[in-house]
Amino acid sequence: MPLTVLSHPLGTHVLTHLRDKTTKPALFRTLSYQISLLLALEATRDLATESRHIDTPLERMEARVLARPLAIVPILRAGLGMVQPFQDIFPDVSVGYVGLERDHTTAIARSYYCKLPPL
């Protein structure tokens with residue numbers, strides 16, 4: 001999977017306030033939600049779609065839908081705060097979890113938990 005870089009003035013603004021040590025916890029949570037929402041939109045920009053016929057209140061039409069189901073896998077625990085924005089824009093997304101911890105001697109990450117959703 002390619003690296004996605006968020007290059008947006010609002011993203012820079014939010015990151016600045018997230019990094020500021022004077023930011024209060026309630027504002028930090030709001031800003032975390034906002035940056036996660038921006039990341040969700042940017043990271044899903046190139047998702048494959050397919051054509052599907054739907055019935056609207058007026059007539060039948062051809063529309064675009066996501067070609068495959070989505071899954072998000074936050075890394076415990078810090079990544080948990082990023083789940084809600086993804087669920088808000090993709091309500092039927094599957095969620096898995098990965099737990100990683102760093103060995104303080106070697107600085108190498110070790111997995112202690114992995115539960116991936118079926119797709």
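**Exercise 1. Which residue forms a salt bridge with Asp 55, and how far apart are the closest N and O atoms?**

*Solution.* The model is predicted, so local features need pLDDT of at least 70 and side-chain atom pairs count only at pLDDT 80 or more, whereas totals for chains, interfaces and linings use all residues. Residues are numbered from 1 along each chain as its sequence is written, and side-chain values use heavy atoms, with hydrogens and water left out.

Step 1. Recall the rule: a salt bridge is a side-chain nitrogen of Lys or Arg within 4 Å of a carboxyl oxygen of Asp or Glu.

Step 2. Apply the rule to Asp 55: its partner is Arg 60, with the closest N and O atoms 3.1 Å apart.

Step 3. Classify Asp 55 by its relative accessible area (buried under 20%, exposed over 50%, partly exposed in between; 1.4 Å probe, protein chains only). Asp 55 counts as exposed because its relative accessibility is 59%.

**Exercise 2. State the number of salt bridges, and describe those of Arg 45 and Glu 101.**

*Solution.* Step 1. The rule gives 4 salt bridges.

Step 2. Arg 45 pairs with Glu 42 at 2.9 Å, N to O. Arg 45 is exposed because its relative accessible area is 56%, while Glu 42, at 24%, is partly exposed.

Step 3. Glu 101 pairs with Arg 110, and their closest N and O atoms are 2.0 Å apart. Glu 101 is partly exposed at 36%; Arg 110 is likewise partly exposed, at 44%.

**Exercise 3. Describe the second largest pocket and the place of Ser 36.**

*Solution.* Step 1. A pocket is found on a 1 Å grid over the protein atoms alone, as an open set of points where a 1.4 Å probe fits, with protein on both sides within 12 Å along at least five of seven lines; lining residues have an atom within 4 Å of a point.

Step 2. The second largest pocket holds about 190 Å³ of space, a volume being the space filled by probe spheres set on the points, which are joined across faces, edges and corners.

Step 3. Its lining includes Leu 15, Ser 36, Ala 78 and Met 82. Helices (H or I, at least four residues) and strands (E, at least two) are DSSP runs, numbered from the N terminus. Of these elements, α2 (25-43) is one that gives two or more residues to the lining, and α2 gives the most, with 4 residues.

Step 4. Ser 36 is found in helix α2 and is buried, because its relative accessibility is 2%. Ser 36 and Pro 85 are 49 residues apart in sequence, yet their C-alpha atoms are 6.2 Å apart in space.

**Exercise 4. Identify a cis peptide bond and a residue with positive phi.**

*Solution.* Step 1. Begin with the usual case: most residues other than glycine have a negative phi, and most peptide bonds are trans.

Step 2. The peptide bond from Leu 76 to Arg 77 is cis, with omega near -10°. Arg 77 lies in the loop between β4 and α3.

Step 3. Ala 107, a residue other than glycine, has a positive phi near 65°. Ala 107 is placed in the loop between β6 (97-102) and β7 (109-115), and is exposed because its relative accessible area is 52%.
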